Amino acid sequence: MSPVLLNLNPAQGLTTSTTITNTDTDEAAFTAEVVAWTQRDGQEVLVPTRDAVVSPGSFTVAAGRSQVVRVALRQTPTSASVTYRLILRQKVTAAPSGAAGATGATITPRYVFSLPLFVERPAAKPQISVTLSPAGAPRALVLRNSGDGYGVFRNIRVTAGGQAFDLGAQYVLSGATMQVPLPAEAQNAEALEFTATDLNQKPVRLMVDAK
């Protein structure tokens, strides 16, 4: 599938697309929908929305073929940054009639794709602070985005007491606060070194005080 991250500048247009290619030997059927994506109380929140139209909403891709899936917003957003996810789910298909061992059971869907869709004005920028959650409970990195654009840290690594721990990646949407749990070995560290790459693939390195 390409691209796997969708960006829209509403000043230039309200449509975008991705292409899904079937590299399997059998056809694959999918449904497509767009959901509103926010982050609340440290959790990812996905809810149905009528802000966008997906075409096609249901389709079958033959073996070795491709399908373009288009997304169109119904109107220009009023906020500097609005976020969605394009969800592509492979349909449950019945076992072929007369197939060896077929009992009428179904095949569990193998693929569910969840593609970020960012609709942002060019001037929208993230402003993310990195702190630690208070002591007294399992500690975590606290990522707070006070900017008007989405942000992301990839290849997150913390170093404490001479040990390095890879913590993956984390999106932080505009106005949201997200937490990345620390491993047990880093819970009692007095200071942590935080490194990552940011939205623009630039390296980030800073010290986080655990006090």
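**Exercise 1. Which residues form one aromatic cluster with Phe 30?**

Solution. In this predicted model, Phe 30 belongs to one aromatic cluster together with Phe 59, Tyr 111 and Phe 113. Before individual pairs are examined, it helps to recall that a pair of aromatic rings is described by the distance of the centres and the angle of the planes.

**Exercise 2. How many aromatic pairs does the count come to, and what geometry do the rings of Phe 118 and Tyr 150 have?**

Solution. Step one is the count: with ring centres required to lie within 6.5 Å, it comes to nine aromatic pairs. Step two takes one of them, Phe 118 and Tyr 150, whose ring centres are 3.5 Å apart and whose planes stand at 5°, so the pair is stacked, the cut-off for that label being planes under 30 degrees apart. Step three places the two rings in the chain: Phe 118 lies in strand β11 (residues 112-120), whereas Tyr 150 lies in the loop between β13 (140-145) and β14 (151-160), and the pair thereby links distant parts of the chain, 32 residues apart. Step four asks about accessibility, and here Phe 118 is buried at a relative accessible area of 1%, while Tyr 150 is buried at 6%.

**Exercise 3. Which class, stacked, edge-to-face or tilted, fits the pair of Tyr 150 and Tyr 171?**

Solution. The centres of Tyr 150 and Tyr 171 are 6.2 Å apart, which is within the 6.5 Å cut-off. The angle between their planes is 50°, and because stacked requires under 30 degrees and edge-to-face over 60, the pair is tilted. This pair, too, links distant parts of the chain, as Tyr 150 is in the loop between β13 and β14 and Tyr 171 is in strand β15 (residues 163-172), 21 residues apart. Tyr 171 counts as buried, at 17% relative accessibility, given that the limit is under 20%.

**Exercise 4. Where does the side chain of Asn 145 find a polar partner in the backbone?**

Solution. Asn 145 lies in strand β13 and counts as buried, with a relative accessibility of 2%. A polar atom of the Asn 145 side chain lies 2.9 Å from the backbone oxygen of Gly 149.

**Exercise 5. How many salt bridges does the structure hold, and what parts of the chain does the pair of Asp 24 and Arg 110 tie together?**

Solution. The structure holds four salt bridges. One of them joins Asp 24 to Arg 110, with the closest N and O atoms 2.8 Å apart. Asp 24 lies in the loop between β2 (15-21) and β3 (28-40), and Arg 110 in the loop between β10 (106-107) and β11, so the pair ties together parts that are 86 residues apart in sequence. Asp 24 counts as partly exposed at 27% relative accessibility, and Arg 110 is also partly exposed, at 47%. A careful reader should add that confidence in the protein is lowest in β10, at a mean pLDDT of 56.

**Exercise 6. Which strands hold Arg 89 and Glu 33, and which hold Glu 193 and Arg 205?**

Solution. Arg 89 forms a salt bridge with Glu 33, the closest N and O atoms being 2.7 Å apart; Arg 89 is in strand β8 (residues 81-90) and Glu 33 in strand β3, 56 residues apart. Arg 89 counts as partly exposed at 36% relative accessibility, as does Glu 33 at 32%. Glu 193 bridges to Arg 205 with closest N and O atoms 3.1 Å apart, and these residues lie in strands β17 (residues 191-197) and β18 (residues 203-209) respectively, 12 residues apart in sequence. Glu 193 counts as partly exposed at 24% relative accessibility, whereas Arg 205 counts as exposed at 62%.

**Exercise 7. In which sense, parallel or antiparallel, does β11 pair with β1 and with β8?**

Solution. Strand β1 (residues 6-8) pairs with β11 in the parallel sense over three bridges, and within this pairing the bridge partner of Leu 8 is Val 119. β8, by contrast, pairs with β11 in the antiparallel sense over nine bridges, with Ile 87 standing opposite Ser 114.

**Exercise 8. What pLDDT does the protein average, and where is confidence highest?**

Solution. The protein averages a pLDDT of 92, and 92% of the residues score at least 70. Confidence is highest in strand β7 (residues 66-73), at 98.

Key. Residues are numbered from 1 along each chain as its sequence is written. This is a predicted model: local features need pLDDT of at least 70, side-chain atom pairs count only at pLDDT 80 or more; totals for chains, interfaces and linings use all residues. Side-chain values use heavy atoms; hydrogens and water are left out. Rings of Phe, Tyr and Trp (its six-membered ring) pair if their centres lie within 6.5 Å; planes under 30 degrees apart count as stacked, over 60 as edge-to-face and the rest as tilted. Helices (H or I, at least four residues) and strands (E, at least two) are DSSP runs, numbered from the N terminus. Buried means under 20% relative accessible area, exposed over 50%, partly exposed in between (1.4 Å probe, protein chains only). A salt bridge is a side-chain nitrogen of Lys or Arg within 4 Å of a carboxyl oxygen of Asp or Glu. Two strands pair if DSSP finds at least two bridges between them. pLDDT is the predictor's confidence in each residue, from 0 to 100. A polar contact is a pair of N or O atoms within 3.5 Å; within protein, one must be able to donate a hydrogen and the other to accept it, and residues adjacent in sequence count only if both atoms are side-chain atoms.
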